Amino acid sequence: MNDDEDRELPAELARLQQEHRDLDAAIDALQRSPAPDLLQLQRLKKRKLQLRDRISAISDQITPDIIA
């Protein structure tokens with residue numbers, strides 16, 4: 001990893017984590033509505049899973065492997 005990536009990855013990770021929290025709130029609000037749009041709900045959940053996978057990948061890049 002170079003110096004630019006060292007600075008960019010934590011910022012991207014924070015942005016993705018915030019978007020993940022925002023999606024969680026949006027999904028919760030949509031589920032509580034009297035007649036939720038199931039297609040929209042499915043799309044939000046899919047995006048949330050994609051974010052989770054990307055967050056995990058970036059976290060793995062930031063955290064060095066420790067061989068025990």
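Let me start at one residue and work outwards: Ser 56 lies in helix H2, and, at 39% relative accessibility, Ser 56 counts as partly exposed. I should say at once that what we have on the screen is a predicted model, and every value I quote is computed from that model. From Ser 56 to Leu 23 the C-alpha atoms are 17 Å apart in space, while the two residues are 33 positions apart in sequence.

With that residue as our entry point, let me step back to the chain as a whole. The protein chain has two helices and zero strands. Its radius of gyration is 16 Å, well over the 11 Å that the globule rule gives for 68 residues, so the chain is more spread out than a compact globule. Along the principal axes, the C-alpha atoms fill a box of roughly 50 × 25 × 15 Å. Of the 68 residues, 16% count as buried. As for the contacts with a separation of 6 or more, 66% of them are accounted for by residues 24 or more positions apart.

Now to the helix that holds Ser 56. Helix H2 has 25 residues, and from its first C-alpha to its last it reaches 36 Å, which is close to the 36 Å expected at 1.5 Å a residue. At the start of H2, a side-chain oxygen of Asp 37 comes to within 3.2 Å of the backbone nitrogen of Leu 39. Which residues of H2 are buried? They are Leu 41, Leu 44, Leu 51, Ile 55 and Ile 58.

Those five residues of H2 bring us to the interior. The largest nonpolar core has 11 residues in all, namely Leu 9, Leu 13, Leu 16, Leu 23, Ile 27, Leu 30, Leu 41, Leu 44, Leu 51, Ile 55 and Ile 58. The elements that give two or more residues to this core are helix H1, spanning 3–32, and helix H2, spanning 38–62, and H1 gives the most, with six residues.

Two leucines of that core deserve a closer look. The first I would pick is Leu 13, which lies in helix H1 and has a relative accessible area of 12%; because the cut-off for buried is under 20%, Leu 13 counts as buried. Not counting residues up to four places away in sequence, Leu 13 touches Ile 55, Ile 58, Ser 59 and Ile 62. For Ser 59 we also have a backbone distance, in that the C-alpha atoms of Leu 13 and Ser 59 are separated by 7.5 Å although the residues are 46 apart along the chain. The other is Leu 16, which, leaving aside its neighbours within four places in sequence, is in contact with Leu 51, Arg 54, Ile 55 and Ile 58. Ile 55 and Ile 58 thus appear among the contacts of Leu 13 and among those of Leu 16.

Arg 54, which we have just met as a contact of Leu 16, leads on to the charged side chains. As a general point, side chains of opposite charge can pair when their charged atoms come close. How many salt bridges does the model contain? The count comes to six, and I will go through three of them.

In one of these, the side chains of Glu 12 and Arg 54 meet at 3.4 Å, N to O, and this pair links distant parts of the chain, with Glu 12 in helix H1 and Arg 54 in helix H2, 42 residues apart. Glu 12 is partly exposed at 23% relative accessibility, and Arg 54 is partly exposed at 35%.

Another salt bridge joins the side chains of Arg 15 and Glu 19, at 3.6 Å, N to O. Because Arg 15 and Glu 19 are four residues apart in helix H1, they are separated by about one helical turn. Arg 15 is partly exposed, with a relative accessible area of 47%, and Glu 19 is partly exposed as well, at 24%. Arg 15 and Glu 19 do not stand alone, since a network of salt bridges links them with Arg 47.

The last pair I will mention is that of Arg 52 and Asp 53, whose side chains meet in a salt bridge at 3.6 Å, N to O. Arg 52 is partly exposed at 48% relative accessibility, and Asp 53 is partly exposed with a relative accessible area of 47%.

Key:
Residues numbered from 1 in each chain as written. Predicted model: local features only at pLDDT ≥ 70, side-chain atom pairs only at ≥ 80, totals over all residues. Heavy atoms only, no water. Core = buried A, V, L, I, M, F, W, Y, C linked by side-chain atoms within 4.5 Å. Buried < 20%, exposed > 50% of the residue type's maximum accessible area, 1.4 Å probe, protein only. Contact = heavy atoms within 4.5 Å. Salt bridge = Lys/Arg side-chain N within 4 Å of Asp/Glu carboxyl O. Expected span 1.5 Å × (residues − 1). Polar contact = N/O pair within 3.5 Å; in protein donor to acceptor, adjacent residues only side chain to side chain. Rg over C-alpha atoms; globule rule 2.2 N^0.38 Å.
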